[in-house]
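This report describes the fold, core, pockets and selected side-chain contacts of one protein chain. The sequence and the structure follow.

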Amino acid sequence: MPMKKIVGLLFILIAFASCEGPMGPEGPEGPQGPAGSGSSVVEGWRNVTMTVKSNDWKLIQDADGNSIYMYEFEWQELTENVYENGIVLGHLYTRVGDVDTLTPLPYVLHRKDSEGNTWTETYTYDYNPGYVAFYATYSDFYVDEKPQDMTFRVSILW
């Protein structure tokens, strides 16, 4: 093997071997929100749980004139800075069998009644500084029955 190759291999081995070192100490645990507040706090991160009661959904018209349900929460921690520079994530609390789950929005739910009629419910959200709005849209645009009580979690990161 030529000397250049041997020197090159030794150089690569030394470079990779020198990249390892002892692991540093574990950092401190982050702060927690007040117990039972429905909110947790970590620097630059907030979670809030928001429940929309069935009677609180408002029937509105979307941009295409279709009837949909909406509910808007005021949330002052969703600032202009978060809106412009952060991340906002919406989730819906659901139940699968006997297991509680947290599902990212949008959430599409397929329904079937006792007469065999089927439809799809879609839950979405949007936000702007100071507000988060949730929407329930039905595939058949049948709006005589309001959505059920729904609990959402919204997280902001900046």
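Leu 78 is in contact with Tyr 83, Val 88, Tyr 127, Asn 128, Pro 129, Gly 130, Tyr 131, Val 132 and Ile 156, neighbours within four places in sequence being left aside; contact here denotes heavy atoms within 4.5 Å. The residue is found in the loop between E4 and helix H2 (80-85). Because its relative accessibility is 1%, Leu 78 counts as buried; the classes are buried under 20% relative accessible area, exposed over 50% and partly exposed in between, with a 1.4 Å probe and protein chains only. Leu 78 and Tyr 131 lie 53 residues apart along the chain, yet their C-alpha atoms are separated by 6.9 Å.

The model is predicted: local features need pLDDT of at least 70 and side-chain atom pairs count only at pLDDT 80 or more, whereas totals for chains, interfaces and linings use all residues. Residues are numbered from 1 along each chain as its sequence is written, and side-chain values use heavy atoms, with hydrogens and water left out.

**Fold and core**

The chain has two helices and 10 strands, where helices (H or I, at least four residues) and strands (E, at least two) are DSSP runs numbered from the N terminus. The order of elements from the N terminus is α-β-β-β-β-α-β-β-β-β-β-β. Of the 158 residues in the chain, 27% are buried. Among contacts with a separation of 6 or more, 57% are between residues 24 or more positions apart.

In soluble globular proteins, nonpolar side chains tend to be buried together. The largest nonpolar core has 25 residues, and those touching the most other members are Met 50, Trp 57, Trp 75, Tyr 123, Phe 134, Phe 152 and Val 154. Such a core is a set of buried Ala, Val, Leu, Ile, Met, Phe, Trp, Tyr and Cys residues joined through side-chain atoms within 4.5 Å. At least two residues of this core come from each of strand E2 (45-52), strand E4 (67-74), strand E5 (87-96), strand E7 (107-112), strand E9 (131-138) and strand E10 (150-157). Beyond its neighbours within four places in sequence, Phe 152 has contacts that include Val 48, Met 50, Trp 57, Leu 92, Leu 105, Tyr 123 and Phe 134.

The peptide bond from Leu 105 to Pro 106 is cis, with omega near 5°. Pro 106 is found in the loop between strand E6 (99-104) and E7. Most peptide bonds are trans.

**Pockets**

A pocket is an open set of points on a 1 Å grid over the protein atoms alone, where a 1.4 Å probe fits, with protein on both sides within 12 Å along at least five of seven lines; lining residues have an atom within 4 Å of a point. The volume of the largest pocket is about 250 Å³, a volume being the space filled by probe spheres set on the points, which are joined across faces, edges and corners. Its lining includes Arg 111, Trp 119, Glu 121, Tyr 138 and Lys 146, and divides into four nonpolar, two polar and six charged residues. In this division Ala, Val, Leu, Ile, Met, Phe, Trp, Tyr, Cys and Pro count as nonpolar, Asp, Glu, Lys and Arg as charged, and the others, Gly among them, as polar.

The second largest pocket has a volume of about 190 Å³. Among the residues lining this pocket are Leu 92, Tyr 107, Arg 111, Gln 148 and Asp 149. E5, E7 and E10 each give two or more residues to this lining, and E5 gives the most, with four. Five of the lining residues are nonpolar, three polar and three charged.

**Polar contacts**

A polar contact is a pair of N or O atoms within 3.5 Å; within protein, one must be able to donate a hydrogen and the other to accept it, and residues adjacent in sequence count only if both atoms are side-chain atoms.

| First partner | Second partner | Distance |
|---|---|---|
| Arg 46 side chain | Glu 77 side chain | 2.8 Å |
| Asn 47 side chain | Trp 45 side chain | 3.4 Å |
| Asn 47 side chain | Ser 155 side chain | 2.3 Å |
| Asp 149 side chain | Ser 54 backbone nitrogen | 2.6 Å |

Arg 46 is in strand E2 and counts as buried because its relative accessibility is 16%. Asn 47 is also found in strand E2 and, at 10% relative accessibility, counts as buried. Asp 149 is found in the loop between E9 and E10 and counts as partly exposed, at 41% relative accessibility. Residues up to four places away in sequence aside, Asp 149 touches Val 52, Lys 53 and Ser 54. Asp 149 and Val 52 are 97 residues apart in sequence and 5.6 Å apart in space, C-alpha to C-alpha.
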